[in-house]
Every structure is written in C-alpha cells, then in structure tokens.
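Please take a moment to look over the sequence and the model before reading on. The paragraphs below lead from a pair of helices to the core, and then to some single residues.

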Amino acid sequence: MTALSALIRRDIRIALRVGGGALIGVLFFLTVVVLMPFAVGPDLALLSRLGPAILWLGALLASLLTLDRLFMADHEDGSLDLITMSRTPLELACAAKALAHWLAAGLPLIVATPVLGLLLNLDMVATGAVALTLLAGTPALTFTGMIGAALAVTLHRGGLLMAVLVLPLSIPVLIFGVAASQAAIVGPLTFGAPFSILCALSLVSLVIGPFAAAASLRHGLD
C-alpha cells in the first residue's frame, strides 16, 4: 500500500506541473463550453436543453485528450519497466495510475461544472444533476481509456489508435450520463434507472480496466 500511495502522489504531482496534462484538459473543457453558446445562438431555452449534453461531451473529449500521457511518459523514461518488474502487482499499479489520473484530470472537470453551467443557462438543480452524473461516470471514462493507453504505449502513432479504441467504449457512458442528467431536469424518465446503469458501467470498468491494461502492457513490453 505504501508503494501504491507513493505512485499516486507521484503521478498527481507530475500531472499538476506545467505541461503535465491536467491543466490542458480543464482548459479544453472550458473552451468547448464557452464556445457552444456562440454556436447555438441567443435561444436560451435551446441552450438549457443542450446544456447537459454539451458538458458531458466536453468532459469526454477532455478526458481523451490527456489519456495518452497515462503510460507514455513512464515508458519514455524507463519508469514503466521498473513498475512492471516491481513486487507490486501490475494490475494494482495500473489501478493506482488511473486513480491518480482521475484525481488530477477528471475531478477538476466536475469542480468546474457548476460555474460552466451558468454559461449554458442551467439552474442549480440541473447543474447539480450534471455534476453528480459526471462524478459517477468519469471514472468509467478513465478506466476504459486506460486500456487504450496501455495498448498504444508501445506503438508509433499510438494516439490515433487509442482514440479509435476508446471512443466506442465511451459511448455507453455518454448516453447514460446525458440520459440521467436530462431525467433529473425535465424527465419523463426517472433519474434512478440511467444513473444506476452509469454507476454499474464505472464499477465494471474499475474491475476489468486494470486487468486488461496490465495484460496489454505485459504483451507490449515483452
């Protein structure tokens, strides 16, 4: 546990540095949300209906933007080989790195949601619903994206491959995240059903993601 906590702290410090990737995701999320009102126009009712989808789409793209740094920097400086050969199971190390990535890059998106919701004409209830669904769904984006990052880490031009692999896995999370947000705001569906499925997707990715990423790393580094 000491090694895992040290790995989490190390990855968070690296991500929060200038150029570490966390700030890039937040700025991209901010850019997407700020530009959308100019594209939609002055129709506030339309903007409020599209608000949850805009926030979720921005969070999805911002998560994909920073996933390529999950293993790439460690592979370039040789740290990934040390992590692979350490006594700590590689599955737990992958889970720790994904958790650190979510804390550094995913959690700031959730914190910024209440402020950005004001730009999309969302009230406090709607903004709270979107933030809650992002809190439940963004771990699924990170842990499923970790699989693509592990597959692409040993390949040249792996960034494009990672996007192709991760986007189909992220679509169910996007669908149920937006559905839960819309159900909490306007209905007619109940909030519980899509939100429960969203939580289930995060739990499934939490279990499968570290094992799939560890297997990909072992195969790619051998």
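**How the helices pack**

In this predicted model, a good place to begin is with helix α7, residues 124-152, and helix α9, residues 192-221, whose axes come within 8 Å of each other and cross at roughly 20 degrees. Because angles under 35 degrees count as roughly parallel, α7 is described as roughly parallel to α9. The crossing in which α7 passes α9 is left-handed, and the residues that make up the contact of α7 with α9 divide into 18 nonpolar and seven polar, with no charged residue among them.

A second pair of helices can be set beside this one. The axes of α3 and α6 come within 11 Å and cross at roughly 155 degrees. Since angles over 145 degrees count as roughly antiparallel, α3 is roughly antiparallel to α6. The crossing of α3 and α6 is right-handed.

From the helix pairs we can turn to the interior. The largest nonpolar core has 55 residues, and those with the most contacts inside it are F29, L55, W56, F71, C94, M146 and L217. Many helices take part in building this core: α1 (2-16), α2 (22-40), α3 (44-67), α5 (79-85), α6, α7, α8 (158-185) and α9 each supply at least two of its residues. The largest share, 12 residues, comes from α7, the helix that was introduced above through its contact with α9.

One of the core residues with the most contacts, C94, also leads to the cysteines. How many disulfides does the structure hold? The structure holds zero disulfides. As for their surroundings, C94 has a relative accessibility of 1% and therefore counts as buried, whereas C199, at 27% relative accessibility, counts as partly exposed.

The last stop is a loop. Between α6, which covers residues 90-119, and α7 there is a loop in which N121 lies. The backbone deserves a look at this point, because most residues other than glycine have a negative phi. N121, although it is not a glycine, has a positive phi of about 60 degrees. With a relative accessible area of 37%, N121 is partly exposed, since that term covers values between the 20% limit for buried and the 50% limit for exposed residues.

Methods
Residues numbered from 1 in each chain as written. Predicted model: local features only at pLDDT ≥ 70, side-chain atom pairs only at ≥ 80, totals over all residues. Heavy atoms only, no water. Axes fitted to C-alpha atoms, helices over the stretch in contact; angles between N-to-C directions. Helix = DSSP H or I, 4+ residues; strand = E, 2+ residues; numbered from the N terminus. Parallel < 35°, antiparallel > 145°, perpendicular 65-115°, else oblique. Left-handed = near helix turned anticlockwise from the far one by under 90°. Nonpolar A, V, L, I, M, F, W, Y, C, P; charged D, E, K, R; others polar. Buried < 20%, exposed > 50% of the residue type's maximum accessible area, 1.4 Å probe, protein only. Disulfide = S-S within 2.5 Å. Core = buried A, V, L, I, M, F, W, Y, C linked by side-chain atoms within 4.5 Å.
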